[in-house]
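The paragraphs below go through a single protein chain, from its overall layout to its cores, its enclosed spaces and two of its loops. Please keep the sequence and the coordinates open while reading.

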Amino acid sequence: MARGADRQCGTSIVELAMVVLIIALVVGLGIASLKNMLDTSRISSTRATLQEVKDCLVKRAVYSERFSSYANVDFCNNLSFDVNACFCLKRGVATDFWGNRVRFIGGLDDAGKSLNGLGMFNKDVAVGEGSRVVVDDGVSRDAVAFVLVSYGKDGKADNDSYGSLFTGDAVAADMNAVSPPDFSKRGHASDNPREGSSSVTAKATNSTAEYSRNATSGHRPATHPDAPLDDIYTVVTARELRALARE
């Protein structure tokens, strides 16, 4: 009778295995949830940095009625330039959560020349289709004054159309009218030798927009053409700046 009672009170190997499996599943789900929360927090922190720099640049542009100026030489010691001053508000150059430098991409006038420090209401400085970026789903935004970019967790540009603009430690660069910054898909010349950095033309809109692409899991090497897009960026148009300057 005692032996039967022992069997009833005991635990089989199958039951133990089930308990261990359940615990493993709970722990796994908890870790995944925590990782997603951390990724969301990191992306939000980076967006806040971009917004801080954007606000600074917009205020300076509206006050001076000039498009943002910059100089890459001796960057944080040349604070008379707008981009330099706004990027160096804190100690060192503005960085995203992962410690990568935030980048500034300046727009172009209708002649394809840099907007660097040009008068906003100069009749010869119209900003049109030559100054554009390609955003989500291949939609094109024209009359772009500037773009702020974080390369995200991997620290590498998702697309060569803007990644190739920067050499060395350069923080600021002007866009290329022939191959406008394309944030709609990953594209590297090494991945797609026939295509290179593609651009997509679509119906343009007049509104200024802020976008972000991020991956919360399964991050692949940056050179993989199918790797998730993780760059975070914000676009400011000349229309927005001019409207604010007239208020």
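The protein has 5 helices and 7 strands. In sequence order these elements follow the pattern α-α-α-β-β-β-β-α-β-β-β-α. The chain counts 247 residues, and 41% of them are buried. Among the contacts with a separation of 6 or more, 69% join residues 24 or more positions apart.

The model is predicted, and confidence should be considered before any detail. The average pLDDT of the protein is 78, and 75% of the residues reach at least 70. Residues 190–224 are a stretch where pLDDT stays under 50. The model nevertheless has 92 contacts beyond four places in sequence for residues 190–224. Where pLDDT is low, the predicted coordinates should not be read in detail.

The interior comes next. In soluble globular proteins, nonpolar side chains tend to be buried together. Here the largest nonpolar core has 33 residues, and Phe67, Phe87 and Phe104 are those with the most contacts inside it. Helices H2, H3 and H5 (238–246) each supply at least two residues of this core, as do strands S4 and S7 (232–237). H2 provides the largest share of the core, with 7 residues.

Phe104 shows how such a residue is surrounded. Leaving aside neighbours within four places in sequence, Phe104 is in contact with Leu57, Ser68, Tyr70, Val83 and Phe87, and further along the chain with Phe146, Val147, Leu148, Phe166, Val171, Ala172 and Ala173. A second core, separate from the largest one, has 17 residues, including Val149, Tyr151, Tyr162 and Met175.

Which spaces does the structure enclose? There are 2 cavities of 30 Å³ or more. The second largest cavity has a volume of about 50 Å³. Among the residues that line this second largest cavity are Phe67, Ser68, Tyr70, Phe104, Leu115, Asn116, Phe146 and Leu241. Phe67 and Phe104 thus appear both in this lining and among the residues with the most contacts inside the largest core. Strand S1 (103–106) and strand S4 (144–150) each give at least two residues to the lining of the second largest cavity. By residue type, that lining divides into 7 nonpolar and 4 polar residues, with no charged ones.

The largest pocket holds about 180 Å³ of space. Its lining consists of 13 residues, and Thr49, Glu52, Lys90, Ala94 and Thr95 are those nearest the centre of the pocket. Helix H2 (13–64) and helix H3 (82–87) are the elements that give two or more residues to this lining. H2 supplies the largest share of the lining, 3 residues. The lining of the largest pocket divides into 6 nonpolar, 3 polar and 4 charged residues.

Two loop residues complete the walk through the model. Leu89 is located in the loop between H3 and S1. Is Leu89 buried, partly exposed or exposed? Its relative accessibility is 49%, so Leu89 counts as partly exposed. Not counting residues up to four places away in sequence, Leu89 touches Glu52 and Cys56. Leu89 and Glu52 are 37 residues apart along the chain, while their C-alpha atoms are separated by 9.4 Å. Glu52 is also one of the residues nearest the centre of the largest pocket.

Ser69 lies in another loop, the one between H2 and H3. Ser69 counts as buried because its relative accessibility is 12%, and the cut-off for that class is under 20%. Beyond four places in sequence, Ser69 is in contact with Ser80, Phe81, Asp82 and Val83, and also with Asn116 and Gly117. The C-alpha atoms of Ser69 and Ser80 are 8.8 Å apart, with their positions 11 residues apart along the chain counted as a separation. Asn116, a contact of Ser69, also belongs to the lining of the second largest cavity.

Key. Residues numbered from 1 in each chain as written. Predicted model: local features only at pLDDT ≥ 70, side-chain atom pairs only at ≥ 80, totals over all residues. Heavy atoms only, no water. pLDDT = per-residue confidence, 0-100. Contact = heavy atoms within 4.5 Å. 1 Å grid on protein atoms, 1.4 Å probe; cavity = no way out; pocket = protein on both sides within 12 Å on 5 of 7 lines; lining within 4 Å. Points joined across faces, edges and corners; volume = space filled by probe spheres on them. Helix = DSSP H or I, 4+ residues; strand = E, 2+ residues; numbered from the N terminus. Nonpolar A, V, L, I, M, F, W, Y, C, P; charged D, E, K, R; others polar. Core = buried A, V, L, I, M, F, W, Y, C linked by side-chain atoms within 4.5 Å. Buried < 20%, exposed > 50% of the residue type's maximum accessible area, 1.4 Å probe, protein only.
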